Amino acid sequence: MASSGIRALRGCRALLAPAKSSASSAVEVIKTTTSKQPKPKPKATAKPKPTKTAKATPSASTTEPKRASGIQKVSPISPQLQTFLGAPEASRSDAVKQIWSYIKLHNLQNPADKREIYCDEKLKGLFDGKDKVGFLEIGKLLFRHFIKTE
């Protein structure tokens, strides 16, 4: 009967070990459990991949950098926007950035709804005389201030 008990507890050496101090038995358990871990297999050496040579095209090295397009393109602006920005030309993104900095500097956002902007006299001239505009309307209202050139 004792042998069947040993068979049932074959994997638990800590339970079959004679009672010793708890610290020394814990050390023995750690030693036995760590020694049975499988050893890591050595990694296969990676074969070096053939390097591809970059072909330099003469047209790529002699071309100028691409011009800005879309909202980054600098274009002439209306006299109203010129007085506000202080420049005869500007890109749409720069104009919106400067308008937002003006709005934040003069605290023109509605504190309850930050998406709403109160227009002072300078902004009323740009935004068709409106008292309030939404932040998504800024781009739409600035559209007419950019003179289209082709």
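# Exercises on a predicted model

Of the chain's 150 residues, 18% count as buried. The model is predicted. The exercises go from the fold to the core, then to the pocket and single residues.

## Exercise 1: Fold layout

Task: State how many helices and strands the chain has, and in which order they come.

Solution.
- Step 1. Count the elements. There are eight helices and four strands.
- Step 2. Read them along the sequence. The pattern is α-α-α-α-β-α-β-α-β-α-β-α.
- Step 3. Check the contacts by sequence separation. Take the contacts in the chain with a separation of 6 or more; residues 24 or more positions apart account for 30% of them.

## Exercise 2: The nonpolar core

Task: Find which residues of the largest nonpolar core touch the most other members, and which helix gives the largest share.

Solution.
- Step 1. Take the core, which has 20 residues. Ile 99, Leu 123 and Phe 127 touch the most other members.
- Step 2. Assign residues to elements. At least two core residues come from each of α5 (79-85), α6 (92-105), α7 (121-126) and α8 (137-142).
- Step 3. Pick the largest share. Helix α6 supplies it, with four residues.
- Step 4. Follow Phe 127 outward, leaving out residues up to four places away in sequence. Phe 127 then touches Ile 99, Cys 119, Val 133, Ile 138, Leu 141 and Leu 142.

## Exercise 3: The largest pocket

Task: Give the volume of the largest pocket, then list and classify the residues that line the largest pocket.

Solution.
- Step 1. Read the volume. The value is about 190 Å³.
- Step 2. List the lining. Gly 70, Lys 73, Ser 75 and Arg 92 belong to it, together with Phe 143, Phe 146, Ile 147, Lys 148 and Thr 149.
- Step 3. Sort by class. The lining holds three nonpolar, three polar and three charged residues.

## Exercise 4: Two lining residues after α8

Task: Place Lys 148 and Thr 149 in the chain. Decide for each whether it is buried, partly exposed or exposed.

Solution.
- Step 1. Locate Lys 148. The residue lies in the segment after α8.
- Step 2. Classify Lys 148. Its relative accessible area is 74%, so Lys 148 is exposed; the cut-off for exposed is over 50%.
- Step 3. Find a partner for Lys 148 far along the sequence. Pro 76 is 72 residues apart from Lys 148 in sequence, yet the C-alpha to C-alpha distance is 7.8 Å.
- Step 4. Turn to Thr 149. This residue is also found in the segment after α8. At a relative accessible area of 40%, Thr 149 is partly exposed.
- Step 5. Repeat the distance check. Thr 149 and Ser 75 are 74 residues apart along the chain, and their C-alpha atoms are separated by 7.3 Å.
- Step 6. List the contacts of Thr 149 outside four places in sequence. They are Lys 73 and Pro 76.

## Exercise 5: Ser 91 and Ile 71

Task: Ser 91 and Ile 71 touch. Work out where each one sits and whether each is buried or exposed.

Solution.
- Step 1. Place Ser 91. The residue is in strand β2 (residues 89-91).
- Step 2. Apply the cut-off. Buried means under 20% relative accessible area. Ser 91 has 2% relative accessibility and therefore counts as buried.
- Step 3. Look for a polar partner. The side chain of Ser 91 makes a polar contact with the side chain of Ser 93, at 3.3 Å.
- Step 4. Collect the contacts of Ser 91, setting aside neighbours within four places in sequence. These are Ile 71, Gln 72, Lys 73, Val 74 and Phe 146.
- Step 5. Place Ile 71. The residue lies in the loop between α4 (58-62) and β1 (74-76).
- Step 6. Classify Ile 71. With a relative accessible area of 51%, Ile 71 is exposed.
- Step 7. List its contacts under the exclusion of residues up to four places away. Ile 71 touches Ser 91, Arg 92 and Ser 93.
- Step 8. Add a distance. Ile 71 and Ala 90 are 19 residues apart in sequence and 9.9 Å apart in space, C-alpha to C-alpha.

## Exercise 6: Positive phi outside glycine

Task: For Asn 107 and Asp 128, give phi, the loop and the exposure.

Solution.
- Step 1. Take Asn 107. Its phi is near 55°, a positive value in a residue other than glycine.
- Step 2. Place Asn 107. The loop is the one between α6 and β3 (116-118).
- Step 3. Classify Asn 107. Its relative accessible area of 68% makes Asn 107 exposed.
- Step 4. Take Asp 128. This residue is not a glycine, but has a positive phi of about 60°.
- Step 5. Place Asp 128. The residue lies in the loop between α7 and β4 (132-134).
- Step 6. Classify Asp 128. At a relative accessible area of 46%, Asp 128 is partly exposed.

Notes: Residues numbered from 1 in each chain as written. Predicted model: local features only at pLDDT ≥ 70, side-chain atom pairs only at ≥ 80, totals over all residues. Heavy atoms only, no water. 1 Å grid on protein atoms, 1.4 Å probe; cavity = no way out; pocket = protein on both sides within 12 Å on 5 of 7 lines; lining within 4 Å. Points joined across faces, edges and corners; volume = space filled by probe spheres on them. Nonpolar A, V, L, I, M, F, W, Y, C, P; charged D, E, K, R; others polar. Buried < 20%, exposed > 50% of the residue type's maximum accessible area, 1.4 Å probe, protein only. Polar contact = N/O pair within 3.5 Å; in protein donor to acceptor, adjacent residues only side chain to side chain. Contact = heavy atoms within 4.5 Å. Core = buried A, V, L, I, M, F, W, Y, C linked by side-chain atoms within 4.5 Å.
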